[in-house]
Amino acid sequence: MGQAPSSPADSSVRDTSLWLYSPEFLDCESIGFEDGDYDFTANLPDDCLAHAFQFLSAGDRKRCSLVCKRWLFVDGQNRHRLSLDARAEILPFLPCIFNRFDSVTKLALRCDRRSFSLSDEDLVVISIRCSNLIRVKLRGCREITDLGMESFARNCRNLRKLSCGSCNFGPKGLNAMLEHCKVLEELSVKRIRGIHELAEPIKLSSSSSLRTICLKELVNGQVFESLVATRTLKKLRIIRCLGDWDRVLEMNGDGNSSLTEIHLERLQVSDVGLSGISKCSNLETLHIVKTPECSNLGLASVVERCKFLRKLHIDGWRIKRIGDEGLMSVAKHCLNLQELVLIGVDATYMSLSAIASNCKKLERLALCGSGTIGDTEIGCIAEKCVALRKFCIKGCLISDVGVKALALGCPKLVKLKVKKCRLVTGEVREWLRERRMTLVVTMDDDETSGVGIVDGGDQRVLATVVEEDPLPVTDGDGGAGVASGGRIGLAILKTKLGLLAGRNLAMPRQANRLMIEKFKKESLVNDTPEQRLVRLTVEHPQYNVDFSFHSYSKDWFVSDVGMKMSNVMISNQMVALDCEMVLCEDGTEVSKVIRRVVILDEFVKPHKPVVDYRTTITGVTAEDVNKATLSVVDIQEKLRPFLSSGTILVGHSLDHDLEVLKIDHPIVIDTSLVFKYPNSTKRRRPSLNTLCMSVLGYEVQKPGVSHHCVHDAAAAMKLALAVIEKRVDTTITLTKEMVEAEKSRLFLHRIPHYLSSEELKKDLSLKFFPKKIAVDVKPAKTQGGYYCAIVIFGSSVEANQAFENINGYQETVLEELVKLLQSRDLRGENGNWKEFLHVYDKNAESPNDPSRRSHDDLVQFLTTFKKKEDLQVLKCHANHLLIEKLKQESQDEDTPEQRLVRLTVEHPNYALDYSFKPYSEDWFVSDVGMKMSKVMKSTNMVAVDCEMVLCEDGTEGLVRVGVVDRDLKVILDEFVKPDKHIVDYRTDITGITAEDIENATLSVADIQETLQPFLSTGTILVGHSLNRDLEVLKIDHPKVIDTALVYKYSNTRKLRRPSLNNLCKSILGYEVRKTGVPHDCVHDAETAMKLALAVVEKRVDTTIKPSKEMLEVEKAKLFLHKIPNNVPSEELYQVLSGKFTLDVKQAKTQGRYYCAFVVFDSSEDADQAFENVDGIQMTDSLGLPQKVVIVKLSSGSRASIYVRKMVQDE
């Protein structure tokens, strides 16, 4: 028998006051009674004594209850939670147990598997003695039957929570609980043997208040269908239960809109079930764990309608049916997402970038077991997830670069966990500790590293002050005790962990921030001209990004102006500052010279070895630095008097200078933030040279001449004084000469630190640019190992020509392809990437970083892959990158044909429709993505259309293909012989007969070979719902124009994608498909080409308005979808009544389904036929009425089919 306390507590935490009044500290004789004869708790009320017991652990409470009869009585009368060993032998002791504990409201009965448990009689005794129970947990009580549960329910009608596991009772017992316990809110059922395949359904009371249901490891959990569909349900968890759950979840979606949390784990549930979940519009939390039949389509249907989703957990179980397409839908629709966990999901840069950009409230993110997530993806998250607080990475291909990127980004990140990432080394831990001391880091080889405490609201660093000599409290033995609550001990622990090491920096820095925030809120009426410039700086959107130095290392100097009175903001004294920097071996930049006009002009000796003096830019040589004797600390000391008195620091891009000086000072004027161009959306911050030419009338930095920091500091001061004294406008006007000078420059950024400026200039001259160029290196913020530069040409023509010569896109494609091969561990003739470099270049310094290898190295590695399946993977990924490049490019220079391609690939359904994943050998993947991007400029077009039949395995087979060119000349019109047995020719739709197929000699491979010359040259494929044709042709080609995606109705809520026939009537003025006449793929291909040319040549608007005739035609149709492939089209006639024509559509099968249109003579006939359908009525994702009907096939099996109207009811 075990007993649980009402509230758990740690017995090691004791109240100091109890020790101070113990007998050892009192003189008993002085107050009138003998030593040991007085009970110090006698005057305490029972309620106080019971309250004290609640803070004891279970063991201590048991021992205290045995001290005296009063304590025993008080403990028993106030014990609300009780746990009993529910073996049969306990029966004789039940009366005395509940005589003592007569206030129990929470009871747990547990029995091990080897013992006989309580019986029905025992349970009835308990229910009579504890009629006020609100929570009951039964574990292993196998002797309890339905009768016992019914009697228990009659006696304990106030029960709110029931949890039962490994018991033998069944539905009758649970039905009794639901019938009699009207206030039952939470039900948890696990491994109940009485719920078997023949068990009766669980019935729900009309007055049920059920809020939470948890079903685990049940043979026939479907008996709970009525409970799952209750409208009061808030949380639903179904874990490892057998059977098909699609129907249950569909019913749940139809009748319940109050569900806020759903957890599905190891279930047989498909996209149909997820579609049912999508109707729970208030859903906030969704877990999809190891459900192999769920795909991107189902996830998209959920996120499109559940707009309040805050938590999403997906465990893909490495099935890879959920990937980029589903996550892109998450990014588009789940704008309130706060927590995202992806396990075994191959997310790529595209989807993670979209999530990071759109889900602005994302605070918690976990990425585990993904082979496609590397440093690039982590860098994207670090850059865009500004609200991220907790991040877990496990089993991903990231390195130290990715971890550093997180520290440099994600300003609110407080906890980082990195597990089983083999490329992450222990050295990054120390780097993180120096960079972000408040960041809690957990890695494989330690528990916590760099411990800190951050307030959840405003990120204020909390410092704990500990007295050096706290007053000791002694116990009875004269030893030192523990302080109340253990708080001083916690503070000492924090001190040992190094939290307070940066106390002298964190507190002034926080005070400085508060001072700036206070200054921003004050009225600007009383501002001095100097303060106005400070205000312009600190109110700039980039201020918090540029001037957040994370200054917690001991070599930083943080000015203490914020700790003083606010009158430091009144100071108008200004000091201009500029630095020259060199590149050190670890990629950081260290100041070489610090100068303020006349006040300070000194060389500084860096404390790290210099790898690049940047002499052409800085004018600094090794001899200058070798003569230097001052350090950064010395410069800080020289500047301290100015900073402490509230002097304003002036400079251009001043954050760069302060970072190398390791100075954090809040009162600054940054001329790059004060001044701005008239159209700030088109240009970045103005350069110092541009400002000097525009405001001061001279050029401070001439091409080919090294910088002079004294001149730069003086220029920054003059610019500030021009605004203060001459009231110069901070919005500058660009002259034609300045615009031409800007056009004659190119900006290079994210240059790796290991590439010196001299090597950079040499490499650029040899590869891309003419030899006469000036490279102006900018000491930008390193961002973990990068700098930037401006390349200055003689004219804008030379700059444009040089930009055209850059092969950057191709280099990016090659790097991404090598990274893809790395992530999938694919091996060529010379092994994987690392093994290849070991043979190809034994002196390779960075074998795992393709971005640091030459163009020849990447090409040489890719040419080692000869297998067709490997080449397909490479081509498919390259095509994907090509499409992403097209999306990112400007539309200004698009040809009319490219505009239609853009409209197609930017359509929300493009990713879903054209994700073929062609990795089987019989697929043909065009190689346009492997070539230069010039293929995107090709305007050649051919239109394609196919006719398909149904094969015996449920898939569709190609039987006829028609191809026409831009002039509507027929290029190809051939019959194709499928390689599988045909079960339905669909003759009334396709016009194809068995005789036509018998005479066919061509195969799908022959058609691919015929089309290959067009595809390899970047020809655009045109079609209507072209993805269906490409799927049966087994062709993956990125340049497509799909008229079903290009055109759209003006009212998309009433109608879906326009049909080819409706487009013809609306745009071309004739009907291409007449009722009852079979399709002709050549005519359909010609029509698709005409529709494309109507936009290209005649500039027809792609938004069409449906006419009354079109609406009437749509109303006279019904849509049958999700028809299993094993259902012949002839069987569909039994679904509907009346006179109609069946038009089967070879929809994308998704592995199991096809669809068909049912055409009636009038809308009234269609409405009547829909009303006569015997099925369950619901609405689809667009709100259109539909029904689910169960059809009995001639084979004896059953199938579910969806019947939907084409237009919303008036």
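Here are some exercises with worked solutions on a predicted model.

**Exercise 1. The chain as a whole**

Task: Describe the chain by its secondary structure, burial, surface and contacts.

Solution:
- Begin with the elements: the chain holds 46 helices and 43 strands.
- Turn to burial next. Of its 1210 residues, 51% count as buried.
- For the surface, the exposed area is about 56800 Å², and carbon and sulfur atoms supply 51% of that area.
- Finish with the contacts. Taking those between residues at least 6 apart in sequence, 69% join residues at least 24 apart.

**Exercise 2. Cysteine 368 and its surroundings**

Task: Find the element that holds cysteine 368, decide whether this residue is buried or exposed, and list its contacts beyond four places in sequence.

Solution:
- Locate the residue: cysteine 368 belongs to strand 12, which spans residues 364-368.
- Now check its accessibility. The relative accessible area of cysteine 368 is 12%; buried means under 20%, so cysteine 368 is buried.
- Leave out the neighbours within four places in sequence, and the contacts of cysteine 368 are Leu342, Ile343, Gly344, Lys394 and Cys396.
- One of these contacts, Ile343, can be placed by strand pairing: isoleucine 343 stands opposite cysteine 368.
- Look at the strands themselves: strand 11 and strand 12 run parallel and are joined by 5 bridges.
- Add a distance along the way. Valine 418 is 50 residues from cysteine 368 in sequence, and their C-alpha atoms are 9.8 Å apart.
- Finally, widen the view to the whole strand: 4 of the 5 residues of strand 12 are buried, so strand 12 is largely enclosed by the rest of the structure.

**Exercise 3. The enclosure of helix 14**

Task: Explain why helix 14 is described as largely enclosed, and name the elements that its buried residues pack against.

Solution:
- Count first: helix 14 covers residues 349-358, and 7 of its 10 residues are buried, so the helix is largely enclosed by the rest of the structure.
- Name the buried residues: Met350, Ser351, Leu352, Ser353, Ala354, Ile355 and Ala356.
- Then find their partners. These buried residues pack against helix 13 (324-333), strand 11 (339-343), strand 12, helix 15 (375-384) and helix 35 (868-888).

**Exercise 4. A pair of helices**

Task: Classify the packing of helix 7 and helix 8, and sort the residues in their contact by class.

Solution:
- Take the geometry first: helix 7 (residues 146-155) and helix 8 (residues 171-180) pack at about 10°, and their axes lie 8 Å apart.
- Angles under 35 degrees count as roughly parallel, so helix 7 is roughly parallel to helix 8.
- List the contact residues: helix 7 brings Asp146, Met149, Glu150, Phe152, Ala153 and Arg154, while helix 8 brings Lys172, Gly173, Ala176, Met177 and His180.
- Sorted by class, the contact has 5 nonpolar, 2 polar and 4 charged residues.

**Exercise 5. A sheet and the helix across it**

Task: Work out the arrangement of the open sheet with the order 17-22-24, and place helix 20 relative to its strands.

Solution:
- The sheet is open, has 3 strands, and its pairing is parallel.
- Its edges are strand 17 (574-576) and strand 24 (668-670), each pairing on one side only.
- From one strand to the next, the twist averages 25°.
- Zoom in on one pair: 3 bridges join strand 17 to strand 22 (residues 648-651), and alanine 576 stands opposite valine 650 in strand 22.
- Lastly, helix 20 (residues 529-538) lies across strand 17, strand 22 and strand 24, running at about 70° to strand 24.

Terms used: Residues are numbered from 1 along each chain as its sequence is written. This is a predicted model: local features need pLDDT of at least 70, side-chain atom pairs count only at pLDDT 80 or more; totals for chains, interfaces and linings use all residues. Side-chain values use heavy atoms; hydrogens and water are left out. Helices (H or I, at least four residues) and strands (E, at least two) are DSSP runs, numbered from the N terminus. Buried means under 20% relative accessible area, exposed over 50%, partly exposed in between (1.4 Å probe, protein chains only). Contact means heavy atoms within 4.5 Å. Accessible areas come from the Shrake-Rupley method with a 1.4 Å probe; for residues, only the protein chains shown count as cover. Axes are lines fitted to C-alpha atoms, for helices over the stretch in contact, and angles run from 0 to 180 degrees between N-to-C directions. Angles under 35 degrees count as roughly parallel, over 145 as roughly antiparallel, 65 to 115 as roughly perpendicular and the rest as oblique. Ala, Val, Leu, Ile, Met, Phe, Trp, Tyr, Cys and Pro count as nonpolar, Asp, Glu, Lys and Arg as charged, and the others, Gly among them, as polar. Two strands pair if DSSP finds at least two bridges between them.
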